[in-house]
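The following exercises are to be worked from the sequence and the coordinates. Each task is followed by a solution in steps.

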Amino acid sequence: QTCALPICSVKTLDGAILINADNAKYSVCNAAGATVAAGTVTGQKAVRLAPGLYIVHVAGKTVKCTVK
């Protein structure tokens, strides 16, 4: 699953979410709304996660992703 945003992209991998962006703040929340990862990404950032549904906020945009 790939979610293309104007200045970044979010892609799901087995056990991770891959965020590509240029100096953008991101946060990843689980289905319960708890923040499980956050920071700033310049280039590429792989966020390792347990399987489940996640909401990714990056560069002012929001994307729903499923990690398998």
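**Exercise 1. Determine the order of the secondary structure elements and judge the overall dimensions.**

Solution. The model is a predicted one. Read from the N terminus, its elements follow the order β-β-β-β-β-β. The radius of gyration is 10 Å, close to the 11 Å that the globule rule gives for 68 residues, so the protein is as compact as a globular protein of that length. The count of elements agrees with the order: six strands and zero helices. Taken along the principal axes, the box filled by the C-alpha atoms is roughly 25 × 20 × 15 Å.

**Exercise 2. Describe the burial, the exposed surface and the sequence range of the contacts.**

Solution. Begin with burial, for which the cut-off is under 20% relative accessible area. By this criterion, 38% of the 68 residues count as buried. Turn next to the surface: the protein exposes about 3,900 Å², and 52% of that area is supplied by carbon and sulfur atoms. Finally, consider contacts between residues at least 6 apart in sequence; 47% of these join residues at least 24 apart.

**Exercise 3. Analyse the hairpin of β5 and β6.**

Solution. First locate the strands: β5 comprises residues 52-58 and β6 residues 61-67. Next establish their relation; the two run antiparallel and are joined by seven bridges. Within this pairing, I55 stands opposite K64 in β6. Last, inspect the connection, where two residues lie between the strands. In this hairpin A59 adopts a positive phi near 55 degrees.

Methods
Residues are numbered from 1 along each chain as its sequence is written. This is a predicted model: local features need pLDDT of at least 70, side-chain atom pairs count only at pLDDT 80 or more; totals for chains, interfaces and linings use all residues. Side-chain values use heavy atoms; hydrogens and water are left out. Two strands pair if DSSP finds at least two bridges between them. Helices (H or I, at least four residues) and strands (E, at least two) are DSSP runs, numbered from the N terminus. The radius of gyration is taken over C-alpha atoms; the globule rule is 2.2 Å times the number of residues to the power 0.38. Buried means under 20% relative accessible area, exposed over 50%, partly exposed in between (1.4 Å probe, protein chains only). Contact means heavy atoms within 4.5 Å. Accessible areas come from the Shrake-Rupley method with a 1.4 Å probe; for residues, only the protein chains shown count as cover.
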